[in-house]
Each structure stands twice: as structure tokens, then as C-alpha cells.
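Work through the exercises below with the sequence and the structure side by side. Try each task before reading its solution.

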Amino acid sequence: MTIYPFYLDKTKHNKDDTYIDVKLEHPIICQSDEYLKIKLLDVQYMNNMYNISSYLQNNIIKLNITPLIYDIEPTRSGVLEDIYDISQTPLTYNTSTTLTYDTGNDIQFITGTNFKIHYKDEQILDGVDSFENVFYGTTPIELMFKPDDNYIIVEKLDNTNTDYLRQVSYGIKKTILHTEEVLIRLVVKGSYDNITYTNIPIMTTDTELITFADDSLEDAIIDRVRINLVNRINYKYYKFSITNTAPSVDQQGYRLNSLKLFTLPEVPYSIGVPSTTSLTIPDGFYKASTYVAKIKELITPYSMDITLDSLTNKVSITHILIDNIIYPYTDPNGRVALELPSLNTRDNIGISKTPNTLVVNTPFVGDTSIDLVNYKKIILATDLDFTNKTHNDLITGNDDGTGVGNILAWIDSDFAPFTCVKYNNYEMTSYRIENKNISNIRFTLYNEKRQKLNLDNMLLHFEIEKLRLN
């Protein structure tokens with residue numbers, strides 16, 4: 001047996017290449033009764049390749065953004081016309097409107113075709129109409145509306161009506177002489193079942209506040225017009241009540257004069273021209289926390305946020321909508337789809353599919369945990385013709401993925417940055433090759449996703465053995 005030993009430093013001739021070329025000064029030639037084997041003895045290199053980089057094509061996140069143009073003004077709901085005959089003066093109930101009473105619970109019901117009014121008052125009597133037409137709201141209207149005893153519920157009977165409440169106007173009439181300042185606020189709630197109610201916030205603080213000064217006159221009426229609500233939910237029931245700072249003995253002197261509701265359709269906007277924005281994560285070594293922090297920095301200007309679950313190590317991405325939209329308005333980040341161009345990126349962030357359209361204010365949770373290890377293995381392959389070809393079934397991580405030749409070594413590389421990775425062939429494994437004349441050998445470097453690597457350093461020790469056939 002004849003042994004040809006080789007000791008190579010990649011930095012000498014192939015520092016920035018994805019391969020190591022070995023040019024023999026004298027070819028190794030086999031006679032007909034001889035054959036060759038290659039044996040890799042040891043490898044050493046510095047683990048200095050970034051785990052996020054343009055080279056790996058895992059540093060780009062794309063946002064497909066469609067602006068939404070809110071060009072529809074809230075319109076007055078059809079409650080008034082549904083309940084009352086507006087062709088009459090004064091207004092009277094429509095012939096189809098029915099009045100019923102639940103005296104046990106102190107509620108009067110006024111039922112039209114598309115809406116039903118529930119009026120709560122402690123003095124409800126069977127057959128006695130206690131309701132006044134606050135939906136029209138002329139000066140004489142004085143509906144009892146004490147904080148703890150009275151409310152109005154507007155129930156939608158038309159299940160095909162997808163409009164939602166967006167604005168409300170109301171007026172309070174002072175019917176007593178009272179010389180202290182009184183503050184009154186409208187309270188709006190929504191419900192699907194008339195059991196559990198959710199508070200609907202006022203968009204701008206104190207726009208619902210009515211203040212009667214200590215010198216205000218009897219029969220004074222104060223209105224608040226088109227109060228904007230933070231609501232995009234098509235509730236079946238909307239409930240209206242007030243808070244009142246007047247002493248309890250005087251609260252009945254402040255009565256509801258008007259209540260007008262304004263709605264928006266289910267889709268209150270038109271679609272703008274879509275565009276695509278590419279966000280670039282700077283090349284570097286990242287751990288989960290710094291990776292998420294950098295993405296957060298990049299997506300924040302687009303009304304987005306990302307967090308990392310400390311238990312599952314999964315990301316949660318949210319398209320944030322602060323619903324302070326008042327017609328007319330253009331939301332530049334109205335609709336966002338997250339696109340992850342390469343499999344490497346998807347594997348790193350833990351999201352399997354692309355693109356993903358984000359639902360506003362609803363977290364989009366990754367499918368798997370973050371995995372930022374892009375060099376679990378370093379593959380050393382060769383162009384030599386193995387007698388028994390090596391087989392691989394590896395995924396392709398990005399556009400640079402290629403076929404892999406005969407694999408000579410499969411090296412563990414999951415180590416901290418700037419550590420020295422060492423491989424020793426303790427089993428002294430060798431591979432028989434069919435080559436009979438060798439003047440050049442090429443070793444090519446890959447990661448486990450078929451991408452060639454331009455690792456800038458490596459020390460390599462191997463030998464070619466010439467043996468005689470038995």
C-alpha cells in the first residue's frame with residue numbers, strides 16, 4: 001500500500017471560495033491491478049459565518065401593504081323611520097309598530113320591522129306608553145333617564161343588517177331649578193345576546209360630557225353631536241345610559257331630549273394601490289431575543305409588533321390598529337400580508353407558509369419555535385468518483401441550493417460563534433474510488449440545506465491510499 005498525505009490551508013488559494021482545489025504536482029496513477037481510496041483524517045475551522053445574512057438569503061422580510069381609504073361618512077340609522085311614520089305631524093307610530101310591556105322587569109318594548117326598542121323605567125305600567133320620541137328629539141321631549149333606573153336598548157331585528165354603530169348624538173334637557181354644577185356622561189355598550197354587554201369606548205375623551213353650569217336655566221338643552229365611538233362590531237343590541245353627578249333627589253330633573261345613532265357599513269373603505277416593502281435584517285450573529293428585537297424595530301413603523309413567547313419560543317406578530325379613524329382618512333398600513341421569501345427565513349422565524357395576511361389586532365402565532373441555527377452541519381463533498389455513491393435527501397433552503405456530490409464528511413457545526421470546530425476521523429473511515437488517474441481534487445463546502453459555503457478558513461488533512469487488488 002502506498003499513502004499520499006495532504007495538508008491544506010484553505011486561506012492560501014481558496015480563501016473566499018466555496019471549494020478547495022488540490023492540484024497535484026504529480027498525478028496519482030493506478031495500474032490495472034490497483035485501486036485508490038480517500039480518507040479524511042481531520043478538519044478544523046473557525047465558526048465565523050453569520051447565522052443571519054444576505055449570503056444565506058434569510059435576512060429579508062417583505063410586507064405587502066394595501067392602503068385603506070375611509071371615504072364613507074357614518075349615516076343616520078333607520079330606527080326613526082322604522083318605528084315612526086315621519087310623514088305625520090306630529091310623528092306617530094307606524095301602523096306596523098307594536099307596543100308591549102314587561103311590568104315585572106319595568107320594560108316597555110316598541111317593536112318595528114327592523115328594530116326593537118327596550119325602554120327601562122321603574123314606573124312602567126301595562127298599556128301606558130311611557131316612551132317619548134328621542135330619535136326625533138324636538139324641544140318638548142323629556143324622557144325620564146336617571147342613571148340607575150333608566151336605559152334604552154336598540155335591538156336589531158334584521159339579521160342581514162351588517163352596519164355597526166360608529167357615532168351617537170344625544171341631548172339632555174334640564175327641567176328643574178338646580179344651582180350646582182352637574183356633569184353627565186353618555187355610556188354606550190354592545191351585546192350579542194342581551195346578557196353580556198361590552199363597553200364601547202368614546203374615541204376622544206370628554207366629547208360625550210355634558211356640563212350644566214351652576215347658573216344654567218330651567219329647560220336648558222345641551223347636545224353633543226356625532227360623538228365618535230371605538231367600535232367595528234356589528235352587535236345585535238346597543239345599550240344607552242348615563243352617569244350623572246346630580247344629587248339623587250334631583251336626578252330626575254335631567255332628562256333625555258334626543259338620541260341619534262349613526263352607522264357605518266361592514267366595509268367602510270375603498271382599496272388603495274398595493275405596494276411591497278422589503279425589510280432587511282443586518283447581517284450578524286443573532287440569538288432569539290436579539291433577532292426578535294431587530295425585527296420589531298423594522299416593522300414598528302408599519303403598525304406592527306412582534307413578541308417571543310418565553311415558554312414555546314414561538315413568535316407572535318400583530319398588525320396593530322388604534323381605531324381613532326375619523327372620516328375622511330387614509331390608513332397607509334390598512335392591510336398587511338407578511339411574506340417570507342426563502343425557506344431559510346421561514347425556518348428561522350418558525351412560520352411554515354407564505355404569504356400570511358394579518359388580521360388587525362389579532363396575534364399571528366408561529367407554527368414552530370424560532371430556529372436560528374443555519375449551520376447544524378458542514379458538509380464536505382468531493383468530485384471524486386466513489387465506488388459506492390453517497391445518497392442524500394436534503395431540503396433546499398434558498399435559491400442558491402444545488403446538488404451535492406459524494407459526501408466525505410458530515411461535521412457537527414452547532415457551536416457558539418467564533419469557536420473552533422474540530423473533526424477527527426477516529427473510526428479511520430475511508431472510501432474506495434473509481435478514479436485511475438488523479439491530478440486535481442475539488443472539495444466543496446455546503447450547509448445542511450444544500451447551499452455552498454464560502455467559509456474563509458479551514459485546515460484539512462486527508463490522504464489517498466493506493467492498494468493492490470487481491
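Strands, such as those on either side of a loop, are DSSP runs of E with at least two residues, and they are numbered from the N terminus. The model used here is a predicted one.

**Exercise 1. Find the place of Arg450, and decide whether this residue is buried or exposed.**

Solution. Begin with the strands: Arg450 has its place in the loop between β30 (437-447) and β31 (459-468). Next, look at the backbone, where the phi of Arg450 is near 70°, a positive value in a residue other than glycine. Finally, compare the accessibility with the cut-off, which calls a residue buried under 20% relative accessible area; Arg450 has 17% relative accessibility, and therefore counts as buried.

**Exercise 2. Describe the surroundings of strand β22 (residues 315-319), and explain why this strand is largely enclosed by the rest of the structure.**

Solution. The first step is to count: five of the five residues of β22 are buried, so the strand is largely enclosed by the rest of the structure. The second step is to sort the side chains by direction, remembering that in a regular strand they alternate between the two faces of the sheet. In β22, Val315, Ile317 and His319 point one way, while Ser316 and Thr318 point the other way, and all are buried.

The third step is to identify the partners of the strand. Strand β21 (residues 304-308) pairs with β22 in the antiparallel sense over five bridges, and here Thr307 stands opposite Ser316. Strand β25 (residues 364-365) also runs antiparallel to β22, joined to β22 by two bridges, with Val365 of β25 standing opposite Ser316.

The last step is to follow the chain from β21 to β22, a hairpin with six residues between the strands, in which Asn313 takes a positive phi near 60°. Asn313 counts as partly exposed, because its relative accessibility is 29%.

**Exercise 3. Which residues are joined by cis peptide bonds at Pro328 and Pro355?**

Solution. For Pro328, the residue joined through the cis peptide bond is Tyr327, and omega is about -15°; Pro328 is found in the loop between β22 and β23 (329-339). For Pro355, the residue joined through the cis peptide bond is Thr354, with omega about -5°, and Pro355 is found in the loop between α4 (343-349) and β24 (356-357).

**Exercise 4. Trace the salt bridges of Asp323 and Glu34, and state which parts of the chain they link.**

Solution. Start from a general point: side chains of opposite charge can pair when their charged atoms come close. Asp323 forms a salt bridge with Arg232, and the closest N and O atoms are 3.3 Å apart. Asp323 lies in the loop between β22 and β23, and Arg232 lies in the loop between β16 and β17 (237-244), so the pair ties together parts that are 91 residues apart in sequence. Of these partners, Asp323 counts as buried at 12% relative accessibility, whereas Arg232 is partly exposed, with a relative accessible area of 29%.

Turn now to Glu34, which forms a salt bridge with Arg468, the closest N and O atoms being 3.7 Å apart. This pair links distant parts of the chain, with Glu34 in strand β3 (residues 34-46) and Arg468 in strand β31, 434 residues apart. Glu34 is buried, with a relative accessible area of 11%, while Arg468 is exposed, with a relative accessible area of 52%.

Note on methods
Residues numbered from 1 in each chain as written. Predicted model: local features only at pLDDT ≥ 70, side-chain atom pairs only at ≥ 80, totals over all residues. Heavy atoms only, no water. Buried < 20%, exposed > 50% of the residue type's maximum accessible area, 1.4 Å probe, protein only. Helix = DSSP H or I, 4+ residues; strand = E, 2+ residues; numbered from the N terminus. Pairing = 2+ DSSP bridges. Salt bridge = Lys/Arg side-chain N within 4 Å of Asp/Glu carboxyl O.
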